Amino acid sequence: MKRTAIEAFNETIKIFEEQFETQEKYSRESLERYQREGNEKEIQKIQNNSQRLRSRVKEIHDSKRKLEQDLKQQVSDNREIDKKMNSLKPDLMQLRKIRDQYLIWLTQKGTRQKKINEWLGIKNDADDSYSLEEDDSSPHHDECTWYVGDIKRSRAEEMLRGKCDGTFLIRESQSQKGSYACSVV
């Protein structure tokens, strides 16, 4: 926008300078004639007009210079802000990773997303990219509804039959002692 204003100033300056040159040319001729006639009143008007036009051209040049300085300062300020923002990016990325790790840890420890959002000061679940759709009636919120202990795969499949997609059970693995198995619809 300021660049457009500078271009407009350049055009305005051209117009005023052309007017000034035209006015000066005709003023000289008129001044000579009015001086021969002794018409001081007209001579004064021509000189005042010439002075006003010269003053106006100077004001426009000064305004253009000020705008150019402002634009240079703004560009410099924007570069500094960009440098500062870029220098903060690694820190922000590291903080995001730490936040992600804590969110995963809290979720694994059974903390509900609603409570995490409350701690983070998030009012609306949709505002948080980590928010999972939570339905309090979902069986997955309570470990006793999805951890079934030492049962066989066939029994887990039987228990999941007819349940909605995404429903799961965690059981102790029959083939690898000390490990767990997950059965999912």
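In the UniProt record, an unreviewed entry, residues 146-185 are listed as "domain: SH2". The structure described here is a predicted model, and in it the stretch 146-185 is 22% helix and 32% strand, with 12 Å between the C-alpha atoms at its two ends.

The protein chain as a whole contains 5 helices and 3 strands, and these elements follow one another from the N terminus in the order α-α-α-α-β-α-β-β. Of the 185 residues in the protein chain, 20% are buried. Among the contacts with a separation of 6 or more, 38% are made by residues that stand 24 or more positions apart along the protein chain. The area that the protein chain exposes is about 14900 Å², and 50% of this area is supplied by carbon and sulfur atoms.

Helix α2 comprises residues 40-108, and L88 has its place in this helix. Together with L92 and L95, L88 makes a nonpolar surface patch of about 310 Å². The relative accessibility of L88 is 46%, and this residue therefore counts as partly exposed, a class that lies between the limits of 20% and 50%.

A search of the whole structure finds 12 salt bridges, and several of these can be followed along helix α2. One of them joins the side chains of R56 and E59, with a distance of 2.9 Å from N to O; both residues belong to helix α2, where they are 3 residues apart, or about one turn of the helix. R56 is partly exposed, since its relative accessible area is 43%, and E59 is likewise partly exposed, with a value of 40%.

A further salt bridge is formed by E68 and K64, whose closest N and O atoms are 3.8 Å apart. This pair is separated by about one helical turn, because E68 and K64 are 4 residues apart in helix α2. The two partners fall into separate classes of accessibility: E68, with a relative accessible area of 29%, is partly exposed, whereas K64, with a relative accessible area of 19%, is buried, because the limit for a buried residue is a value under 20%.

The side chains of K66 and D70 also meet in a salt bridge, with 3.2 Å from N to O. As K66 and D70 are 4 residues apart in helix α2, about one helical turn separates them. Both are partly exposed, K66 with a relative accessible area of 47% and D70 with a relative accessible area of 29%. In addition, K58, D62 and R65 are joined into one network by salt bridges that share partners.

Helix α3, which spans residues 113-120, has Q113, I116 and N117 as its buried residues. When the helix is viewed down its axis, the buried residues of α3 fall within an arc of 100°, and they therefore line one face of the helix. The cover over these buried residues includes α2. On the other side of α3, by contrast, K114, E118 and W119 are exposed. After α3 comes G121, a residue whose phi is positive, near 80°.

Technical notes:
Residues are numbered from 1 along each chain as its sequence is written. This is a predicted model: local features need pLDDT of at least 70, side-chain atom pairs count only at pLDDT 80 or more; totals for chains, interfaces and linings use all residues. Side-chain values use heavy atoms; hydrogens and water are left out. UniProt positions are given in the numbering used here, feature names are shortened, and annotations may be inferred rather than shown by experiment. Patches are made of residues with over 30% relative accessible area and no salt bridge: like charges are joined within 9 Å, nonpolar side chains (Val, Leu, Ile, Met, Phe, Trp, Tyr) within 5 Å. Accessible areas come from the Shrake-Rupley method with a 1.4 Å probe; for residues, only the protein chains shown count as cover. A salt bridge is a side-chain nitrogen of Lys or Arg within 4 Å of a carboxyl oxygen of Asp or Glu. Buried means under 20% relative accessible area, exposed over 50%, partly exposed in between (1.4 Å probe, protein chains only). Contact means heavy atoms within 4.5 Å. The arc is that of the directions from the helix axis to the C-beta atoms.
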